[in-house]
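Colleague: I would like to learn how to read the empty spaces and the helix packing in a model such as this one. Could you take me through it feature by feature?

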Amino acid sequence: MTALRKFIEGLPKTELHLHIEGSLEPELMFALAKRNNISLPFKTIEDVRAAYQFSELQDFLDIYYQGMGVLQTEQDFYDLTMAYLNKVHSQNVMHVEIFFDPQGHTERGISMDTVISGITRALEKGQRELGISYKLIMCFLRHLSEDAAMETLEQALPFKDKLCGVGLDSSELGHPPSKFKNVFARAKEEGLYLVAHAGEEGPPAYVYEALDVLKIDRLDHGNRSLEDADLTARLAKSQIALTVCPLSNYKLAGVKDMSKHPLGEMLSKNLNATINSDDPAYFGGYMNENYLAVTEALDLGMDEVITLARNGVAATFCTTAEKSAMMQKLDDYLDQWT
Ligand code: HPA
Ligand code: ZN
């Protein structure tokens, strides 16, 4: 395992499912609370970590929305994003496609401009100085109305050149993808890529809706698709990418035992699965920890790890030339490894 661990650590990787607000580490949460004169319901960093015990998605979301309250200024969003980029740079991540949740901020009176400017200023610096290329995806909160999502899209259109796509996140059960049919159609008209969380806690029917009603380009999570044989066969045939988040599934109790993680079945059924971290500050690991957790628990070999990394490149929203350049970095790494 030690050799495979080293291999994973050095492997050039992509991250396609990361909520930037979910990368807020308790240390930065305290620092920003102090800077912005906000009082937190926690006394110490240990208290914060102790509160990160979740038995389902909603438990996490309640704490996640509370945590993001410390983000107030453009500099806060910059610092948050820069901390994430520095961390994943140390893990040999070469490309990121990150989510943000503007409604978690605009609802608190923070402007769209503040949020997008701070995040993109850091992404630009990360590209220049760390060599990490990026895309930015704006998510709609599905527990809110489609009208609210449409208003959010309108607010973001002046910054469209900074956005690559739109997504759908937050409380899945009771909020099926079809609720957002019109706003996704509108985003597509604007030339944006479409992704949605589906099949994390929701049933296969939600995955069908994400595919057929929203017409997504990539599926976030998708785990429960495996309950439906026809859907599983369709995902394999279409080769639509799934952004799988192993430690998230484990911490949110969708997967009780990592050795039973559905990634094994996804790979054996030829689904186009990728590895991602979701909300690393809350779920106990960034990219390397997620790769390592499934590799150990499912006893994956080097070939399967390479497949996952290649899937992660192919599933980006980059141009063919950009994908080839990333595949080349992977090949160079494999050449010097053997
Ligand atoms: N699922 C749904 N919504 C989210 C998540 C998640 O894992 N993280 C942040 N918003
Ligand atoms: Zn997510």
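**Pockets, cavities and helix contacts**

Modeller: The residues lining the largest pocket divide into 6 nonpolar, 6 polar and 5 charged. Please keep in mind throughout that this is a predicted model.

Colleague: How is such a space found, and what volume does the largest pocket have?

Modeller: The general idea is that rolling a probe the size of a water molecule over the atoms shows where empty space is left. In this structure the largest pocket has a volume of about 280 Å³, and of the 17 residues that line it, the closest to its centre are Glu-200, Asn-223, Arg-224, Gly-254 and Val-255.

Colleague: Which residues line the second largest pocket, and which element gives the largest share of that lining?

Modeller: The second largest pocket, with a volume of about 190 Å³, is lined by Met-94, His-95, Gln-127, Gly-131, Ser-133, Tyr-134, Lys-135, Cys-318, Glu-322, Ala-325, Met-326 and Lys-329. It helps to sort such a list by element: β2 (93–100), β3 (133–141) and α17 (320–337) each supply at least two of the lining residues, and the largest share, 4 residues, comes from α17. Sorted by class instead, the lining of the second largest pocket has 5 nonpolar, 4 polar and 3 charged residues.

Colleague: How many cavities of 30 Å³ or more are there, and what lines the largest cavity?

Modeller: A cavity differs from a pocket in that the probe fits inside but cannot get out. The count here comes to 3 cavities of 30 Å³ or more, and about 100 Å³ of space lies in the largest cavity. Of the 14 residues that line the largest cavity, the closest to its centre are His-19, Leu-57, Phe-60, Leu-61 and Asp-279. Helix α4 (residues 57–67) contributes the largest share of that lining, 4 residues, while by class the lining of the largest cavity has 6 nonpolar, 3 polar and 5 charged residues.

Colleague: Turning to the helices, at what angle do α16 and α17 cross, and which residues make the contact?

Modeller: One reads a helix pair from the separation of the axes, the angle between them, and then the residues in contact. The axes of helix α16 (residues 302–314) and α17 come within 9 Å and cross at roughly 160°, and α16 and α17 are therefore roughly antiparallel to each other. Their crossing is right-handed. On the α16 side the contact is made by Met-302, Ile-306, Ala-309, Arg-310, Val-313 and Ala-314, and on the α17 side by Lys-323, Met-326, Met-327, Leu-330, Asp-331, Leu-334 and Trp-337. By class, these contact residues divide into 10 nonpolar, no polar and 3 charged. You may recognise Met-326 from the lining of the second largest pocket.

Colleague: How do α1 and α17 cross, and which residues form their contact?

Modeller: The axes of helix α1 (residues 2–10) and α17 come within 11 Å and cross at roughly 150°, which makes α1 roughly antiparallel to α17. The crossing of α1 past α17 is right-handed. Ala-3, Lys-6, Phe-7 and Gly-10 of α1 make the contact with Tyr-333, Leu-334 and Trp-337 of α17, and by class this contact has 5 nonpolar, 1 polar and 1 charged residues. Leu-334 and Trp-337 also belong to the contact of α17 with α16.

Colleague: What are the angle and the separation of the axes for α1 and α15?

Modeller: Helix α15 (residues 287–297) and α1 pack at an angle of about 145°, with their axes 9 Å apart, and α1 passes α15 in a right-handed crossing. The residues to look for are Leu-4, Arg-5, Ile-8 and Glu-9 of α1, together with Asn-288, Tyr-291, Leu-292, Thr-295 and Glu-296 of α15. By class, the contact of α1 with α15 has 4 nonpolar, 2 polar and 3 charged residues.

Colleague: Finally, how would you read a single residue, and where is the place of Leu-28?

Modeller: One begins with the element that holds the residue and then turns to its contacts beyond the neighbouring sequence. Leu-28 has its place in helix α2 (residues 26–35), and, leaving aside neighbours within four places in sequence, Leu-28 is in contact with Asp-79, Leu-80 and Ala-83. As for Leu-85, which is 57 residues from Leu-28 along the chain, the C-alpha atoms of these two residues are separated by 14 Å.

Terms used:
Residues are numbered from 1 along each chain as its sequence is written. Chains are lettered from A and ligands numbered from 1 in the order in which they are written. This is a predicted model: local features need pLDDT of at least 70, side-chain atom pairs count only at pLDDT 80 or more; totals for chains, interfaces and linings use all residues. Side-chain values use heavy atoms; hydrogens and water are left out. On a 1 Å grid over the protein atoms alone, a cavity is a set of points where a 1.4 Å probe fits but cannot get out, and a pocket is an open set with protein on both sides within 12 Å along at least five of seven lines; lining residues have an atom within 4 Å of a point. Grid points are joined across faces, edges and corners, and a volume is the space filled by probe spheres set on the points. Ala, Val, Leu, Ile, Met, Phe, Trp, Tyr, Cys and Pro count as nonpolar, Asp, Glu, Lys and Arg as charged, and the others, Gly among them, as polar. Axes are lines fitted to C-alpha atoms, for helices over the stretch in contact, and angles run from 0 to 180 degrees between N-to-C directions. Angles under 35 degrees count as roughly parallel, over 145 as roughly antiparallel, 65 to 115 as roughly perpendicular and the rest as oblique. A crossing is left-handed if the near helix is turned anticlockwise from the far one by less than a right angle, and right-handed if clockwise. Contact means heavy atoms within 4.5 Å.
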